[in-house]
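Trainee: Before I use any of the terms for this model, I would like to understand how each one is justified. Could we go through them one at a time?

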Amino acid sequence: ENFKRGEKEVEALLNLAKEKFKVLISEEEKLKKNGVRVKIIGNISYLPEDMQDIVKKAEKITENNSEATLNVAFSYTSREEITHAVIESCKMVEQGDIKPNEIDQDLLESLMYTNHSSNPDLLIRTSGETRLSDFLLWQASSSITYFTPVLWPEFSIWHLLAGVFFYQRHQHSLDKLRKAGSQGGGGKGCQLDQLEQDTTVASLLGNWWSGGIKTE
C-alpha cells in the first residue's frame, strides 16, 4: 500500500528502511550471540534491486541462528500474502504436484510468508487505531488483540508488559477458541467468549480516552 504514496514519500521510506537494515547488518555479532534469525515477510520483488540485496544479506548472515526469529514485515500486506499462497497452490496443481482437492488450510499456511513461524498469541496495535490495517489477517484469526493509544516511537517495555497482562487475563478465551476450531466448529460458548473479549477491549479503550488509564 505504501508504494501508492507520492514518489518522494516512497523514496524517503525506502531510504529510511535501507538505513535501518544497514544498522541491523552491522550488529551481526550481537544477533549471532543472542541466536536471533532475521526473516523478511513480504513480497520483496516490489523493491529496488539494491534494497533487495540488503534485505537478503540481513537474512543470509543470520540464517543459522536458532534461538529466536525476528520477523520484519516489509513490502507486505496480508491480502497480497494470501493471494500469493493461492496462486502458488494453483501452480502446484498445474504442474501435477497436487490434485485440486488437496488444496486445504494446511497447504495454504505452508505457502504463507510466515510459514517458518507459529501464529501469534498476542497482537499489539499501537496509535489508538482499532483495525489490523491488512496485517497478519490469516495468522491473527485466533490471536488476542491488544489496542493501545500509545504511538510506536513512545512504546516502551511498560506498555509491552501491559499488553502481556491483558493477554494473561484473556488467555482462557484464546485456548477455548483454538480448541473449538480444532474440533471443526465454534459453538455458542465460543461465541460468548469472543463477545466477552470484544466488550472488554471496547471498555478498555473507553477508559483510555476518558483518561481513566494513564500511559505515561
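**Terms and their grounds**

Mentor: Let us begin with a charged pair: Lys91 forms a salt bridge with Glu88, and their closest N and O atoms are 3.4 Å apart. Please keep in mind that this is a predicted model.

Trainee: What makes the contact of Lys91 with Glu88 a salt bridge?

Mentor: The term requires a side-chain nitrogen of Lys or Arg within 4 Å of a carboxyl oxygen of Asp or Glu. The closest N and O atoms of Lys91 and Glu88 are 3.4 Å apart, so the pair meets the 4 Å limit. Both residues lie in helix α4 (residues 78-94), 3 residues apart, about one turn of the helix.

Trainee: Why are Lys91 and Glu88 called partly exposed?

Mentor: Buried means under 20% relative accessible area and exposed means over 50%, with partly exposed in between. Lys91 has a relative accessible area of 38% and Glu88 one of 25%, so each falls between those two limits.

Trainee: Which other side chains meet in a salt bridge, and where in the chain do they lie?

Mentor: The side chains of Lys18 and Asp50 do so, at 2.7 Å from N to O. This pair links distant parts of the chain, with Lys18 in helix α1 and Asp50 in helix α3, 32 residues apart. Asp50 has a relative accessible area of 40%, and is therefore partly exposed. Glu129 and Arg131 also meet through their side chains in a salt bridge, at 3.3 Å from N to O, and the count by this rule comes to 5 salt bridges.

Trainee: How do you know whether Ser89 is buried or exposed, and what does Ser89 touch?

Mentor: Ser89, which is found in helix α4, has a relative accessible area of 1%; since buried means under 20%, the term applies. Not counting residues up to four places away in sequence, Ser89 touches Ile98, Ile103, Leu107, Leu108 and Leu111.

Trainee: What makes a set of residues a nonpolar core, and which residues have the most contacts inside the largest one?

Mentor: The members must be buried residues of the nonpolar kinds, joined through side-chain atoms within 4.5 Å. The largest such core has 17 residues, and those with the most contacts inside it are Phe21, Val38, Ile40, Leu47, Met51, Val55 and Phe74. Two or more residues are given to this core by each of α1 (7-26), β1 (36-41) and α3 (49-60), and α1 gives the most, with 6 residues. Apart from it lies another core, of 6 residues, including Ala85, Leu107, Leu111 and Met112.

Trainee: Why is Ile157 called partly exposed, and which residues form a nonpolar patch with Ile157 on the surface?

Mentor: Ile157 has a relative accessible area of 48%, which is not over the 50% needed for exposed, so partly exposed is the right term. A patch residue needs over 30% and no salt bridge, and Ile157, Trp158, Leu160, Leu161 and Phe165 form such a nonpolar patch, with about 520 Å² of accessible area together. Ile157 itself is found in helix α6 (residues 157-182).

Trainee: How do you know that strands β3 and β4 pair?

Mentor: Pairing requires at least two bridges, and strand β3 (residues 122-125) and β4 pair in the parallel sense over 4 bridges. Ile124 stands opposite Tyr146 in β4. From strand β4 (residues 144-147), Ile144 and Tyr146 point one way and Thr145 and Phe147 the other way, and all are buried.

Technical notes:
Residues are numbered from 1 along each chain as its sequence is written. This is a predicted model: local features need pLDDT of at least 70, side-chain atom pairs count only at pLDDT 80 or more; totals for chains, interfaces and linings use all residues. Side-chain values use heavy atoms; hydrogens and water are left out. Patches are made of residues with over 30% relative accessible area and no salt bridge: like charges are joined within 9 Å, nonpolar side chains (Val, Leu, Ile, Met, Phe, Trp, Tyr) within 5 Å. Accessible areas come from the Shrake-Rupley method with a 1.4 Å probe; for residues, only the protein chains shown count as cover. Buried means under 20% relative accessible area, exposed over 50%, partly exposed in between (1.4 Å probe, protein chains only). Contact means heavy atoms within 4.5 Å.
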